[in-house]
Amino acid sequence: MKLKGKKVSRTTRLFAAGATTALLMVPAIAVSAEASTAAVGASACGKTYPKGYWWTYPTKNINLRSGPGTKYNSYGLILKDDGVEVKCKAKKAGWMRVYVLNGQLKGRTGWVASKYLAS
């Protein structure tokens with residue numbers, strides 16, 4: 001359809017025709033909280049460990065975060081005594097990248113404050 005000589009999309013045609021439900025047909029652009037603090041991977045690691053080298057568990061319920069710091073989003077809680085495998089120590093002191101072995105976040109990789117991990 002052309003509107004005053006310009007080609008327009010289906011949504012624009014419906015809106016121009018007065019269809020108030022046209023706005024519901026437009027896909028919403030969801031901006032997740034994670035978009036504001038993008039996940040940080042192995043690039044933030046200072047020292048890495050081979051697979052299976054170090055298993056431990058949190059001494060209390062802790063947040064699994066998308067990066068090494070409290071400014072990063074939480075994926076959820078790793079519960080006390082859930083097992084984790086340490087992948088690396090962050091360049092930023094006090095943070096470790098871990099893989100969750102069991103519990104509600106099983107299979108997720110993220111960052112935790114190292115002071116809450118059992119030695």
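Okay, let's start in a loop: Asp81 sits between strand E6, residues 74-78, and strand E7, residues 84-90. Keep in mind that this is a predicted model. What about the backbone there? Phi of Asp81 comes out near 75°, so to speak on the positive side, and this is a residue other than glycine. And is Asp81 buried, exposed or partly exposed? Its relative accessibility is 49%, so Asp81 goes down as partly exposed; the cut-off for exposed is over 50%.

Let me zoom out for a moment. The protein has 119 residues, and 31% of them are buried. In secondary structure we have 3 helices and 9 strands. Reading from the N terminus, the order goes β-β-α-α-α-β-β-β-β-β-β-β, with the three helices following two strands and the other strands coming after them. As for contacts, take the ones between residues at least 6 apart in sequence: 53% of those join residues at least 24 apart. The accessible surface is about 7800 Å², and carbon and sulfur atoms account for 56% of that surface.

Now, the aromatics. A pair of rings gets described by two things, the distance of the centres and the angle of the planes. How many aromatic pairs do we get here? The count is 2. Take Tyr49 and Tyr53: the ring centres are 5.4 Å apart and the planes are at 10°, which makes the pair stacked, because stacked needs planes under 30 degrees apart. The other pair is Tyr49 with Trp54, and that one is edge-to-face, with 5.3 Å centre to centre and 90° between the planes. Tyr49 takes part in the stacked pair and in the edge-to-face pair, and Tyr49, Tyr53 and Trp54 together form one aromatic cluster.

So which members of that cluster are buried, and which are exposed? Tyr49, at 12% relative accessibility, counts as buried. Tyr53 is at 55%, so Tyr53 counts as exposed. Trp54 comes in at 22% and therefore counts as partly exposed, given that buried means under 20%.

One last thing to look at on the screen, back at strand E6, residues 74-78. What sits over the ring of Tyr75? That's the charged end of Arg108, at 4.0 Å from the ring centre.

That's what I had, so over to you.

Methods: Residues numbered from 1 in each chain as written. Predicted model: local features only at pLDDT ≥ 70, side-chain atom pairs only at ≥ 80, totals over all residues. Heavy atoms only, no water. Helix = DSSP H or I, 4+ residues; strand = E, 2+ residues; numbered from the N terminus. Buried < 20%, exposed > 50% of the residue type's maximum accessible area, 1.4 Å probe, protein only. Phe/Tyr/Trp six-rings, centres within 6.5 Å; stacked < 30°, edge-to-face > 60°. Lys NZ or Arg CZ within 6 Å of the ring centre and 35° of its normal. Contact = heavy atoms within 4.5 Å. Areas by Shrake-Rupley, 256 points an atom, 1.4 Å probe, with all protein chains shown as cover.
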